[in-house]
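Please walk me through how the helices and strands of this model are arranged, with the cut-offs behind each term.

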Amino acid sequence: MNKYRLEDWLPTTKKEIEARGWDYVDVIFFSGDAYVDHPSFGPAVIGRTLEALGLRVAIVPQPNWRDDLRDFKKLGIPRLFFAVSAGAMDSMINHYTANKRLRSDDAYTPDKRAGMRPDYPSIVYTQILKKLYPDVPVVLGGIEASLRRLTHYDYWQDKLKPGILIESRADLLIYGMGEQPLRSLVNKLKRGVPFSDIKDIPQTAYLTPSEDVSAHILPGDINLFSHEECLLDKLKQAKNFKHIEEESNKMEASRIIQRVGNESIVVNPPFPPMTEAELDASFDLPYTRLPHPKYKGKTISAFDMIQFSVNLHRGCFGGCAFCTISAHQGKFIASRSKDSILKEIKIITGMPDFKGYLSDLGGPSANMYRMKGKDLSICRKCKRPSCISPKVCKNLNADHTPMLELYKEVDSIPGIKKSFIGSGVRYDLLLNRYDDNALNDSANKYMRELIAHHVSGRLKVAPEHTSDEVLKQMRKPSFTQFGQFKKIFDRINKEEGLNQQLIPYFISSHPGCTEADMAELAAITKDLHFHLEQVQDFTPTPMTLATEMYYTGYHPYTLEKVYTAHTKEQKLAQRQFFFWYDKSYKNQITKTLQRLGRKDLISRLFGK
């Protein structure tokens, strides 16, 4: 840290602002996370983006909302607006387990200290700012706000809540990745456009009297069922979700409008995916890549985990039913240039604690770098939420060659001993047989390169379940593909003289999953000699297909009814099957299998 001065971070106190000689600040950013000046942390990206636009930016990380609110007053009033983000996670997932138990730690807080942010900071922080400074605009962003932009089911309150603008009363909501909307917003403000007149920026949402919307309906606008209609009819909520997901994943989307009482939330269509130059510009900003010096002597575990990792791209076209990535980042891949990636890695090699090992060269899904449609005119008409489920799209150029070339160049950089792939890998992309043999060849070469040279002893993959019916609801490939991949993994390990492990991730209680499905999962994974450790109970999170099925009981695309475990007892009854090898579960699992009429599985799991 010696080569940096305090002024190399965005200021967080009045003293730091004065040290820069500033007599005003343009934007003050309130964040639910500790301030880590690294491109993997949203507040740092937004702060640096605004700074690059010539603005003076200050950040208030994890303000105290319980006292006399001095943290909300200490920097005064910004010239342009306040910015608010709950942090890198939805606060309720950050705070609670799938069983709604309060977590005892927080990875985005110094020394994992719990209780440093409220539930729903997006709402709490914004309400405080609007009460203290009613005339100063508040721009709300981050994943919590992004995924709650319209009527959504909240698992922790077990009810349907309106779009977050209703409770927070923010002036503008930016959803998804914020660089492009912020750039447009700042340019308009610089030209003297009043904040209240700014309604047309893509990838933003705003609240307005419903009568004003009625007078300005555009061709192609989608009017959702109102919040009140959804409260009365779960089927209408399910139908709404289909529109919301499709428009989030289209190149040429429509504006979405939803009425709540006498007001309407208007959601403008997203920006096109960032170009290579735009994404490079974001990653090339002057990050220190370190936590603010105020945390000296403390650890921030979320930072420790990604300190020596490099993000290659944004977006994911997997479309998994339980995942929020495409809802926030979009399904279209935005990739960085090789030069930008290599430049970042060279900076990492000069960091004092770097020992020569990159923990990850990845992204939301590690092996989607540079992948896109062969014919973009087909992509422009497409509204599929996934490019690979139920089958890999014929128009997808799934060439793994750019990654192979990149890995080779990275490993040749002086100071790099090994580069690992820590992000999840989509083996369905690797195992699919393409019409173009060059794609098949690149996939085969990638598998060998990955397994032989880029696994740090354990490779994480996510089959998620063994039942094809459940996997269909998850938008995941058949479990037979996991079996295929495991055979290849074991064979390459043997040929290379390696002793590496394949670590599969599984989910219980996902919509469509029954106790019998979990019992089969236990027997199948036992036969494969797995003692499962990377497991989780399904947690409904806003704006996912699985959550809509959980809440409404319907599949939004087919409107067919879907069974889901809801009670704590139903969830635990499914989860127990992950741990069939633990003797303390044997009696209960045996009773469950007898009740299900599956005595055959008792002998498979426990012998005669």
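Helix 22 (residues 515–527) and helix 26 (residues 599–606) have axes that come within 10 Å and cross at roughly 30°, where helices (H or I, at least four residues) and strands (E, at least two) are DSSP runs numbered from the N terminus, and where axes are lines fitted to C-alpha atoms, for helices over the stretch in contact, with angles that run from 0 to 180 degrees between N-to-C directions. Helix 22 passes helix 26 in a left-handed crossing, a crossing being left-handed if the near helix is turned anticlockwise from the far one by less than a right angle, and right-handed if clockwise. On the side of helix 22 the meeting residues are Ala519, Glu520, Ala522, Ala523, Ile524, Lys526 and Asp527, and on the side of helix 26 they are Leu601, Arg604 and Leu605, with contact taken as heavy atoms within 4.5 Å.

The model is a predicted one, in which local features need pLDDT of at least 70 and side-chain atom pairs count only at pLDDT 80 or more, while totals for chains, interfaces and linings use all residues. Residues are numbered from 1 along each chain as its sequence is written, and side-chain values use heavy atoms, with hydrogens and water left out.

Two further helix pairs can be read in the same manner. Helix 17 (401–411) packs with helix 19 (residues 437–453) at an angle of about 35°, their axes being 9 Å apart, and this crossing is left-handed. Here Thr401, Met403, Leu404 and Tyr407 of helix 17 meet Ser442, Lys445, Tyr446 and Glu449 of helix 19. Helix 2 (residues 42–52) and helix 8 (residues 179–190), whose axes come within 10 Å and cross at roughly 35°, make a right-handed crossing, in which Val45, Ile46, Thr49 and Leu50 from helix 2 meet Glu179, Leu182, Arg183 and Val186 from helix 8.

Helix 17 also takes part in the surroundings of helix 15, since what covers the buried residues of helix 15 includes helix 12 (276–283), strand 14 (309–311), strand 17 (357–358), strand 18 (360–362) and helix 17. Those buried residues are Ser340, Ile341, Leu342, Glu344, Ile345 and Ile348, buried meaning under 20% relative accessible area, exposed over 50%, and partly exposed in between (1.4 Å probe, protein chains only). The 12 residues of helix 15 (residues 338–349) should span 16 Å at 1.5 Å a residue, and the end C-alpha atoms are 17 Å apart, which agrees; the expected span is 1.5 Å times one less than the number of residues.

Turning to the strands, nine of them form an open sheet in the order 3-1-4-5-8-9-12-11-10, with mixed pairing. Strand 3 (57–61) and strand 10 (222–223) stand at the edges, each with a single partner strand, so one side of each is left without a neighbour in the sheet; two strands pair if DSSP finds at least two bridges between them.

From the edge at strand 3, five bridges lead to strand 1, which runs parallel to strand 3, and Pro61 in strand 3 is the bridge partner of Ser31. Strand 1 (residues 27–31) then pairs in the parallel sense with strand 4 (residues 81–85) over five bridges, with Phe29 opposite Ala83 and Phe30 partnered by Val84. Strand 4 and strand 5 are likewise parallel, over four bridges, and Val84 stands opposite Leu140 in strand 5. Leu140 in turn has Leu173 as bridge partner in strand 8, strand 5 and strand 8 (residues 172–174) pairing in the parallel sense over two bridges.

How is strand 1 placed with respect to the rest of the structure? Five of its five residues are buried, so strand 1 is largely enclosed by the rest of the structure, with Val27, Phe29 and Ser31 on one side and Ile28 and Phe30 on the other. In strand 5, Val138 and Leu140 point one way and Val139 and Gly141 the other way, and all are buried. Helix 5 (residues 121–132) lies across strand 1, strand 4 and strand 5 (138–141), running at about 160° to strand 4.
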